[in-house]
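The following exercises are each given with a worked solution. Please look through the model before attempting them.

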Amino acid sequence: MQKITKLIAGVFCCAMVFSSSAYAVWLSDSQAIMGTSVTVELWADDEPQGQRAMQAVFTEMRRIDKAMNPWDEHSELAAINRQAAIAPVLISDELVQIINKALFYSQLSEGAFDISFASVSRFYNFRAGKKPSEQQRKAMQGAINYRNIQLDENAETLFFSDKRISIDLGGIAKGYAVDQGIALLAKHGITSAIVSAGGDSRILGDKHGKPWVMGIRHPRDKNKHALRIPLADTAISTSGDYERFFMEGDVRHHHIINPKTSYSAPAVQSVSVLANKAIDSDALSTTVFVLGVSKGLALINQLPGIDAIIIDGQGLLHCSDDLLMSQ
Ligand code: AMP
Ligand code: MG
């Protein structure tokens, strides 16, 4: 059964203008998809239409998950990982677009963002507290290298020129899925909504003339916010070392891998990035997490229309120049 929460039953219709069943509502629902919680909250001028729009978003998210889950042997991504080192593999338009964007951020960050991180990360099991053995790391040395991922945009093929490569789109696919969700809502005539997949969110419009207030989680206390920021018509992604991790003494082994070392990136606790699209905020939050405070902010400050908030290893806040200037 569907769990639709009517947050505010607002404007009731005039029978002369709308059918008697049409009334405006806030609708909100969450479902477990893409290994995380996907939430859609929207304002609908007509409830049934709003519910259709919301279900369309969940259906789209499940479709994307089915194609891009590397652990599902039937997914397109798993097939690529099995075949692309043998010969160039034909891939979907959608994957051409996402992998192209991933490679763009790899070049921009000189390899801090690299979807071939999976060549080593596939040996981690964060739930079971398992990390790659030294032998496995040695065997995979140099395998994380986006330069060996050869995308031919015209032929729509992908080829790995290192047989050890596996790719994983976990640092960018949720952002892409959120953008797809927002595009679908807009197509259904929705003008005020938020779509989130774990740490990646995008806001459509505002909330009846006021901004949405988004909380950035305190990295060491899940019940607290480190910060709240008012936002409208923007995407925000947060990458944190608290999402998937296990401790070994004082060492936190978590899911964001520094491609240069093949170990978890140690410099910061969380990074939030603001951008127009969630595919960009998603990839950049992971990128800046790997780069750390000074290199990360230097990168963000050169990108127009992009901002970042970093919580460093000591819990101190750092912001990109435009955010500081707008205070
Ligand atoms: P996010 O939640 O956006 O920070 O993304 C974290 C996810 O990105 C991880 O769970 C991995 O799937 C993926 N990831 C980890 N390290 C990297 C990296 N260096 N480059 C690209 N993706 C990564
Ligand atoms: Mg990200």
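Contact here means heavy atoms within 4.5 Å. This is a predicted model, in which local features need pLDDT of at least 70, side-chain atom pairs count only at pLDDT 80 or more, and totals for chains, interfaces and linings use all residues. Residues are numbered from 1 along each chain as its sequence is written, and side-chain values use heavy atoms, with hydrogens and water left out.

**Exercise 1.** Determine which residues Ile167 is in contact with, leaving aside neighbours within four places in sequence.

*Solution.* The partners of Ile167 include Pro70, Leu77, Ile80, Asn81, Ile99, Ile115 and Phe160. Next, place Ile167 in the largest nonpolar core (buried Ala, Val, Leu, Ile, Met, Phe, Trp, Tyr and Cys residues joined through side-chain atoms within 4.5 Å; buried means under 20% relative accessible area, with a 1.4 Å probe and protein chains only). That core has 73 residues, and Ile167 is among those with the most contacts inside it, together with Ile99, Leu169 and Leu185. Its largest share, eight residues, comes from helix α1 (residues 47–68), where a helix is a DSSP run of H or I with at least four residues, numbered from the N terminus.

**Exercise 2.** Describe how helix α6 and helix α7 cross.

*Solution.* The axes, lines fitted to C-alpha atoms over the stretch in contact, with angles from 0 to 180 degrees between N-to-C directions, come within 7 Å and cross at roughly 165°. Since angles over 145 degrees count as roughly antiparallel, α6 and α7 are therefore roughly antiparallel to each other.

Technical notes: Chains are lettered from A and ligands numbered from 1 in the order in which they are written. Helices (H or I, at least four residues) and strands (E, at least two) are DSSP runs, numbered from the N terminus. Angles under 35 degrees count as roughly parallel, over 145 as roughly antiparallel, 65 to 115 as roughly perpendicular and the rest as oblique. Buried means under 20% relative accessible area, exposed over 50%, partly exposed in between (1.4 Å probe, protein chains only).
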